[in-house]
Amino acid sequence: MTLFIDHVVITVNDINLSIDFYTNILGMELNEFTSTSDNIRRKSLKFGKQKINLHENLKPFEPHASNPTPGSMDICFVSMKSLDQWMKIFKNSQIQIEEGPVIKTGANGPIKSIYIRDPDNNLIEISNEI
């Protein structure tokens with residue numbers, strides 16, 4: 001296949017709260033860059049070979065989705081860290097696990113998952129391949 005995901009965009013209410021969650025809880029790396037299309041400083045979250053670009057709700061960058069809305073994303077991250085380790089991290093950070101661990105179907109086969117919410121109530125699935 002000639003396609004792969006380079007990045008996704010999350011629309012957020014409070015960019016600093018989102019940066020704190022994704023860097024300090026999920027362990028992503030904050031990346032600040034200047035857009036080549038409009039010379040505006042932007043922020044993204046890097047993990048592996050992918051990134052999440054952050055757009056603030058009241059000032060999204062052009063172009064953007066037709067209805068950019070905080071809390072509308074549902075995303076699954078596959079982790080090498082065990083779900084037990086994640087559950088300890090979430091407990092220590094007072095983040096409620098909404099569901100799991102449960103067996104689901106991932107892109108490459110069965111996965112075991114837990115579900116939490118980010119500061120904008122996006123559904124975050126953390127999984128281990130089985």
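Which strand gives the most to the lining of the largest pocket? That was my opening note for today, and I kept in mind that this is a predicted model.

**Entry 1: the largest pocket**

I looked up the lining and found that strand 5 gives the most, with 4 residues. The pocket itself holds about 760 Å³ of space. I counted on a list of 24 lining residues, and the closest to the centre are Phe47, Gln50, Cys76, Phe77 and Val78. Two or more lining residues come from each of strand 4 (50-56), strand 5 (74-78), strand 7 (109-117) and strand 8 (123-129). By class, I noted 15 nonpolar, 7 polar and 2 charged residues in this lining.

**Entry 2: strand 5 and its neighbour**

I then followed strand 5 residue by residue. Its side chains alternate: Ile75 and Phe77 point to one face and are buried, while Asp74, Cys76 and Val78 point to the other and are not buried. Next I asked which strand lies opposite Ile75, and the partner turned out to be Ile124 in strand 8. Cys76 has Glu125 of strand 8 as its bridge partner. Taken as a pair, strand 5 and strand 8 run in the parallel sense over 5 bridges.

**Entry 3: strand 8 and the hairpin**

How many residues of strand 8 are buried? I found 6 of the 7, so strand 8 is largely enclosed by the rest of the structure. On strand 7, I saw an antiparallel pairing with strand 8, joined by 7 bridges. Within this pairing, Ile114 stands opposite Ile126 in strand 8. Strand 7 and strand 8 form a hairpin with 5 residues between them. I checked the turn too, where Asn121 has a positive phi of about 70°.

**Entry 4: salt bridges**

I looked for salt bridges and found that the structure holds 2. Side chains of opposite charge can pair when their charged atoms come close.

The pair I took up first is Arg117 with Glu98, whose closest N and O atoms are 2.7 Å apart. Arg117 lies in strand 7 and Glu98 in the loop between helix 2 (83-92) and strand 6 (99-106), so this pair ties together parts that are 19 residues apart in sequence. Arg117 is partly exposed, with a relative accessible area of 31%. Glu98 also counts as partly exposed, at 45% relative accessibility.

The other pair I noted is Arg42 with Asp38, whose side chains meet at 2.6 Å, N to O. Is Arg42 buried or exposed? I have Arg42 down as buried, because its relative accessible area is 12% and the cut-off for buried is under 20%. Asp38 counts as partly exposed, at 30% relative accessibility.

**Entry 5: around Arg42**

I stayed with Arg42 a little longer. This residue sits in strand 3 (residues 41-47). Leaving out residues up to four places away in sequence, I listed the residues that Arg42 touches: Asn31, Glu32, Phe33, Ser35, Ser37, Phe61 and Glu62.

**Entry 6: the second largest pocket**

I finished with the second largest pocket, which has a volume of about 170 Å³. There are 14 residues lining this pocket, and those closest to its centre are Val9, Ile10, Thr11, Ala65 and Pro68. Which strand supplies the largest share of the lining here? I found strand 1 (residues 7-12), with 3 residues. The class tally for this lining is 7 nonpolar, 7 polar and no charged residues.

Notes
Residues numbered from 1 in each chain as written. Predicted model: local features only at pLDDT ≥ 70, side-chain atom pairs only at ≥ 80, totals over all residues. Heavy atoms only, no water. Contact = heavy atoms within 4.5 Å. 1 Å grid on protein atoms, 1.4 Å probe; cavity = no way out; pocket = protein on both sides within 12 Å on 5 of 7 lines; lining within 4 Å. Points joined across faces, edges and corners; volume = space filled by probe spheres on them. Nonpolar A, V, L, I, M, F, W, Y, C, P; charged D, E, K, R; others polar. Salt bridge = Lys/Arg side-chain N within 4 Å of Asp/Glu carboxyl O. Buried < 20%, exposed > 50% of the residue type's maximum accessible area, 1.4 Å probe, protein only. Pairing = 2+ DSSP bridges.
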